[in-house]
Amino acid sequence: MEDDFLLRLVDERAQLERKSRSAVIMGILEEYFERDKKLGAILVDMGLVSEEMVEAALQEQVASGHARKIGEILVKRGLVKPEEVQRALLIRQRARGESQ
């Protein structure tokens, strides 16, 4: 069965990376769903902010001449915590296959 084959591949990857099966599956899903997304969209996907909140922060970013990053603006506004921005950045980095 195809499912058995895919699960065997996941288990092999889990063993190589010394991770659990669920951690490998979550990594694959993050990569698939978040690859081409910007930080604000990932934070929306995580359920931390609304699209309207991101849009308002983007407007502030443009008004400042792009002097501040979107994550900094959202943290300053008290909408997200710094560690939540770091988690979203890590998801984006992994999804794009960038080294840490």
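Averaged over the chain of this predicted model, the pLDDT is 90, and 96% of the residues reach 70 or more. That confidence varies from element to element, being lowest in H2, at a mean of 86, and highest in H5, at 97.

A good place to begin is the interior, where the largest nonpolar core holds 13 residues, and where Leu 39, Leu 43 and Leu 74 touch the most other members. At least two residues of this core come from each of helix H3 (39-45), helix H4 (51-63), helix H5 (70-76) and helix H6 (82-95). If we follow Leu 39 outward, leaving aside residues up to four places away in sequence, we find that it touches Ile 70, Gly 71, Val 85, Ala 88, Leu 89 and Arg 92.

A charged residue comes next, namely Glu 34, which lies in helix H2 (residues 21-34). Glu 34 is buried and yet has no salt bridge, the nearest side chain of opposite charge being that of Lys 37, 4.0 Å away. Among residues beyond four places away in sequence, Glu 34 touches Ile 42, Asp 45, Ile 91 and Ala 95.

Finally, we turn to two loops and their backbone angles. In the loop between helix H1 (2-17) and H2 we find Arg 18, which has a positive phi of about 55 degrees although it is not a glycine. The loop between H4 and H5 contains His 66, another residue other than glycine with a positive phi, here near 60 degrees. Arg 18 counts as exposed because its relative accessibility is 78%, and His 66 also counts as exposed because its relative accessibility is 53%, the cut-off for exposed being over 50%.

Terms used
Residues are numbered from 1 along each chain as its sequence is written. This is a predicted model: local features need pLDDT of at least 70, side-chain atom pairs count only at pLDDT 80 or more; totals for chains, interfaces and linings use all residues. Side-chain values use heavy atoms; hydrogens and water are left out. A nonpolar core is a set of buried Ala, Val, Leu, Ile, Met, Phe, Trp, Tyr and Cys residues joined through side-chain atoms within 4.5 Å. Buried means under 20% relative accessible area, exposed over 50%, partly exposed in between (1.4 Å probe, protein chains only). Helices (H or I, at least four residues) and strands (E, at least two) are DSSP runs, numbered from the N terminus. Contact means heavy atoms within 4.5 Å. Lys and Arg count as positive and Asp and Glu as negative; His and the chain ends are not counted. pLDDT is the predictor's confidence in each residue, from 0 to 100.
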